[in-house]
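Trainee: I should like to work through the charged and polar side-chain contacts of this model. May we begin once the structure is on display?

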Amino acid sequence: MLLLITIPFVFCLEVPSRPLKVPKSSIALSYGSPWIPRKDLMGRDRTRAFLGRFRKKHLFAPGDHRNCLAAKSGFWSWDWSFLDGEKQRAQAKEELLAVIAPLRRGDGATAEQQAQVDRAARRVEKLNPYPKTLDDSILSGKWELVYTTSAQILCSNRPALLKPSKLYQTLDVAGLKGKNEQINYLGIPESVTAEFTPMNKTTVAVQFKEFGIGPFKFKAPEFFKGELRTTYVDDQMRISRGDKDNLFVLLRA
């Protein structure tokens with residue numbers, strides 16, 4: 001397909017000093033957006049769309065060398081902004097991770113530092129390629145928490161050795177369930193499972209079901225519940241916000 005697209009450019013880079021002669025079997029085409037035949041040399045209407053849902057456009061008469069100018073300009077009139085979007089997303093994510101890097105997942109971050117991370121996160125959120133996150137399996141899988149404002153998740157009130165050294169979250173969107181896992185600096189694993197109820201295309205209600213500490217497990221109280229809204233997700237990064245205004249930034253594990 002790429003070869004077929006570039007061939008008209010090769011033959012239309014130079015504008016001839018006199019009109020081109022077109023064989024009687026030829027049909028005049030525009031290389032702009034869209035490519036649509038107008039009429040054949042017998043004057044019969046041959047209008048039809050070539051590339052799906054492009055709009056109709058009246059073309060120059062057969063043999064008019066200005067068709068070459070249309071061919072030269074048509075390609076560059078296409079919308080290539082999606083390439084800029086990819087670059088913007090990559091830059092915004094790099095800036096967010098650079099702000100997060102020295103903050104130890106947010107434990108002990110000052111209000112000013114939290115505000116700086118929040119601003120960087122909002123710049124990423126504006127570029128979300130999957131606005132309907134619950135409809136896409138890209139949300140499922142294992143994620144590592146790299147930043148949060150939740151003191152409860154970070155176990156900020158614990159002694160240093162009992163704080164988590166790693167924090168993971170595994171999501172199963174199809175099964176509407178998830179699991180949080182962490183290991184403290186003493187090597188003791190902790191976990192909590194949860195079930196989800198979709199509220200809209202980006203938000204789920206969370207009902208915690210079971211807690212685990214080492215080999216011991218116990219049922220979570222009924223009032224252990226909340227909400228989680230996914231504001232950005234791609235194949236590498238996820239950003240979520242809770243019902244208590246907490247921010248979560250995770251990377252694919």
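Trainee: In this predicted model, does Lys-201 count as buried, partly exposed or exposed?

Mentor: The class follows from relative accessibility, where buried means under 20% and exposed over 50%. Lys-201 has a value of 43%, so this residue counts as partly exposed.

Trainee: Which residue meets the side chain of Lys-201 in a salt bridge, and how many residues apart in sequence are the parts that the pair ties together?

Mentor: The N to O distance in this salt bridge is 3.3 Å, and the partner of Lys-201 is Asp-135. Lys-201 lies in the loop between strand 4 (189–198) and strand 5 (203–213), whereas Asp-135 lies in the loop between helix 4 and strand 1 (141–148). The pair therefore ties together parts whose separation in sequence is 66 residues.

Trainee: Which residues are joined into one network by salt bridges that share partners?

Mentor: The model has a count of 11 salt bridges. Through shared partners, salt bridges form one network of Asp-118, Arg-122, Glu-125 and Arg-241.

Trainee: Lys-93 and Asp-234 also form a salt bridge; are these two residues buried or exposed?

Mentor: Their side chains meet at 2.7 Å, N to O. The pair links distant parts of the chain, with Lys-93 in helix 3 (residues 81–100) and Asp-234 in the loop between strand 7 (225–233) and strand 8 (237–242), 141 residues apart. The relative accessibility is 11% for Lys-93 and 7% for Asp-234. Because the cut-off for this class is under 20%, Lys-93 and Asp-234 are each buried.

Trainee: What is the exposure class of Arg-123 and of Glu-95, whose side chains meet in a salt bridge?

Mentor: This salt bridge has an N to O distance of 3.9 Å. Arg-123 lies in helix 4 (residues 111–125) and Glu-95 in helix 3, so the pair ties together parts 28 residues apart in sequence. With relative accessible areas of 42% for Arg-123 and 34% for Glu-95, each residue is partly exposed.

Trainee: Which side chain makes a polar contact with the side chain of Ser-240?

Mentor: Ser-240 belongs to strand 8 and is buried, with a relative accessible area of 1%. Beyond residues up to four places away in sequence, Ser-240 touches Leu-228, Arg-229, Thr-230, Thr-231, Asn-246, Leu-247 and Phe-248. The polar contact of its side chain, at 3.0 Å, is with the side chain of Arg-238.

Notes:
Residues numbered from 1 in each chain as written. Predicted model: local features only at pLDDT ≥ 70, side-chain atom pairs only at ≥ 80, totals over all residues. Heavy atoms only, no water. Salt bridge = Lys/Arg side-chain N within 4 Å of Asp/Glu carboxyl O. Helix = DSSP H or I, 4+ residues; strand = E, 2+ residues; numbered from the N terminus. Buried < 20%, exposed > 50% of the residue type's maximum accessible area, 1.4 Å probe, protein only. Polar contact = N/O pair within 3.5 Å; in protein donor to acceptor, adjacent residues only side chain to side chain. Contact = heavy atoms within 4.5 Å.
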